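The following exchange examines a structural model by way of questions and answers. Please consult the sequence and the coordinates alongside each reply.

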Amino acid sequence: MKNYRHGKRGADLLHDPLLNKGTAFTDNERSVLGLRGLLPPRIHTQAEQVTRVLESFRRKTTDLEKYIYLISLQERNETLFYRVVMDHLDEMMPIIYTPTVGQACQRWGYIFRRSRGLYITAADRGRIVQLLRNWPYPDVRMIVVTDGERILGLGDLGANGMGIPVGKLSLYTACAGVHPAQCLPVMIDVGTNNEPLRNDPLYLGTPAPRLRGPKYDELLEEFVQAVHQMFPQACLQFEDFGNANAFALLHRYEDRVCCFNDDIQGTASVTLAGLCSAARLSGVKLRDMRILFYGAGEAGIGIGDLVVDALKAEGIGEPAARRQCWFVDSKGLVVQSRTDLVSHKLRFAHEHPPVQDLGAAIEAIKPHALIGVSGMAAAFTEDVVRAMGRINPRPVVFALSNPTSKAECTAEQAYTWTGGRAIFASGSPFAPVTLDGQVHVPGQGNNAYIFPGVGLGILASQSTRVTNEMFLVAAQTLAGLVTPKDLAQGRVYPELARIREVSAAIAIAVAGNAFDRGLTRQIRPDDLAGLIRECMYQPDYENYV
Ligand SMILES: O=C([O-])CC(=O)C(=O)O
Ligand SMILES: [Mg+2]
């Protein structure tokens, strides 16, 4: 990805965020590239620029202001943006990603400054290739696409959902080193059923009800084909679609093009890894675990399916494996006698008398692990969490819904209500909790541990498909990086500060799998780790002269 300059000089250089170095342009560059006078005379190092950025950033009084500030930095100097984000990930990730990105999406029409990514509407039917041609970077390798119907646990945010592809791709670069010029965020704006949003004069999307049925399917089909034509090497990540479209699109395209659904497969992988760590902490092996899911949408069913794959790999038969996973949805326990179940729930509908609610389901199933994937804030009440603590010496309680405002319970609640015995993880970050002098560190069970590494592995191997087996391999790799020290603090994932190492390890494993399974036309290199390392972008300034 070198030589992106295309001969740019002067103001053009300063206004290209991928090339701009601001005050860090050297004296010689200023002379040769027509920059003299366009910059203040003092030349700063990148480290000095970082000091200025952090000073401004930390002065902001709200997280949304911090988000706006960081995005503005990304718009003028991407190299510096990634330097800051990568070197201060604990501080920056909750701003550019969950939970603050959720607020940013809710306020999108109000905080909008400069457009980022590609917007495709129903009116673009027949000309999507042309739109992709308008994208200025020719070597697109990672595309994150949404239609905004289910943004985190916040529901239908229409075109405001563009914040999510933008944020996910920032993590591709920050966490796995995918070059920013290889990343394309896409919003398929097919309207929104969020009426207040539609009626908001500052809403930036098409103010119409959602397109459904064959017209929707045809638009998506044209999009997938256009991507294949224009960016044949690109991997397509479906993100935050509504349940029905998410399952349907994955089913339609997973064997046809290089694609995956992050909410189904990425979340499954990170959760399976968390369950493997929980098994080390509790002594209850995965093969013996009964898992109760609260929520039977993309995340829940995705996790259930991957747990089944993991158990099958251990030699357990599929029916027995499925019976370890139980689901509660808005109508109660998912059981065979129910007549209201949509197709993705049927494979987990077991024979059992009807059970009305979560509390009763816990008493009936006696799960070792309770996994919240409902988007329902506070659904894990004190009674629910205490019941888990009564049944289990080390109850596993994962509150995975995002953003923080939608978490099924807080870290503090989980630890307090179980006398510090809970093995807790959450989709959005929670601070450590001190209880009776002991510090409990909650893990962040977020697909951010998975998708950047998987994408990098796909990109580096030039795999033509993304498979479920890759997400199994990714989960095993992630679980294998959890240290005894992590576990001693109650953390079921590696520290976030290790995310580049984690992503690289996942990329090596995924690329290896692609070669093993013959999914790439490339010849397997002797040094896979070297191949991955070579693909990873570093936010250092290049010398232009
Ligand atoms: O974006 C996140 O933080 C995780 C995710 O995919 C979701 O909640 O939809
Ligand atoms: Mg998502």
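Q: In which loop does Asn402 lie?
A: In this predicted model, Asn402 is one of the positions for which UniProt gives the feature "binding site" in an unreviewed entry, together with Arg150 and Asn446. As for secondary structure, Asn402 is found in the loop between β10 and α20.

Q: Is Asn402 buried or exposed?
A: A residue counts as buried if 20 or more other C-beta atoms lie within 10 Å of its own. Asn402 has 26 other C-beta atoms within 10 Å, and is therefore buried.

Q: With which residues is Asn402 in contact, leaving aside its neighbours within four places in sequence?
A: Asn402 also belongs to the residues that surround ligand 1. Among the contacts of Asn402 are Thr98, Leu152 and Gly427, and these three names recur around ligand 1. The full list of contacts is Thr98, Pro99, Gly102, Leu152, Gly153, Gly427 and Ser428.

Q: Where does Asn446 lie, and which residues does Asn446 contact beyond four places in sequence?
A: Asn446 is in the loop between β14 and α21 (451–461). With 25 other C-beta atoms within 10 Å, Asn446 is buried. Leaving aside neighbours within four places in sequence, the contacts of Asn446 are Thr98, Val270 and Gly427.

Q: How many residues of each class make up the shell around ligand 1?
A: The residues that surround ligand 1 are Thr98, Leu152, Asp240, Asp262, Asp263, Asn402, Gly427, Asn446 and Asn447. Asp counts as charged, Leu as nonpolar, and Thr, Asn and Gly as polar. By class, the shell holds one nonpolar, five polar and three charged residues.

Q: Why do Glu239, Asp240 and Asp263 gather at one spot?
A: UniProt lists Glu239, Asp240 and Asp263 for "binding site" in an unreviewed entry. They span 25 residues in sequence, yet they gather at one spot, because no two of their C-alpha atoms are more than 6.7 Å apart.

Q: Which residues does Glu239 touch, not counting residues up to four places away in sequence?
A: Glu239 is located in the loop between β4 (235–238) and α13 (243–253). Glu239 counts as buried, because 27 C-beta neighbours lie inside 10 Å. Its contacts include Asp263, another position of the UniProt listing. The full list is Val144, Val145, Thr146, Ile164, Pro165, Lys168, Asp262 and Asp263.

Q: Which residues are in contact with Asp240, leaving aside its neighbours within four places in sequence?
A: Asp240 occupies the loop between β4 and α13, and counts as buried with 27 C-beta neighbours inside 10 Å. One of its contacts is Arg150, for which UniProt gives "binding site" in an unreviewed entry. In full, the contacts are Thr146, Gly148, Arg150, Ile151, Leu152, Gly161, Ile164 and Asp263.

Q: Which are the edge strands of the open sheet of seven strands?
A: The sheet has mixed pairing, and its strand order is β8-β7-β6-β9-β10-β11-β14. An edge strand pairs on one side only, and this applies to β8 (332–333) and β14 (443–444).

Q: Which residue in β10 is the bridge partner of Ile371?
A: Strand β9 (residues 369–372) runs parallel to strand β10 (residues 396–399), and four bridges join them. In β10, the partner of Ile371 is Phe398.

Q: What is the handedness of the crossover from β10 to β11?
A: β10 and β11 pair in the parallel sense over four bridges, and Val396 has Ile423 as its bridge partner in β11. Between these strands the chain passes through helix α20 (residues 411–416), and this β-α-β crossover is right-handed.

Q: Which residues of strand β11 point one way, and which the other way?
A: In a regular strand the side chains alternate between the two faces of the sheet. Strand β11 covers residues 423–426, and the four residues are buried. Ile423 and Ala425 point one way, and the other way point Phe424 and Ser426.

Q: Which residue in β14 does Ala425 stand opposite?
A: β11 and β14 pair in the parallel sense over two bridges. In β14, Ala425 stands opposite Gly443.

Terms used. Residues numbered from 1 in each chain as written. Chains lettered and ligands numbered in written order. Predicted model: local features only at pLDDT ≥ 70, side-chain atom pairs only at ≥ 80, totals over all residues. Near = placed C-beta within 6 Å. UniProt positions renumbered as here; feature names shortened; annotations may be inferred. Buried ≥ 20, exposed ≤ 12 C-beta atoms within 10 Å, placed from the backbone. Contact = placed C-beta atoms within 7 Å. Pairing = 2+ DSSP bridges. Right-handed = clockwise from strand over helix to strand, strands pointing away.
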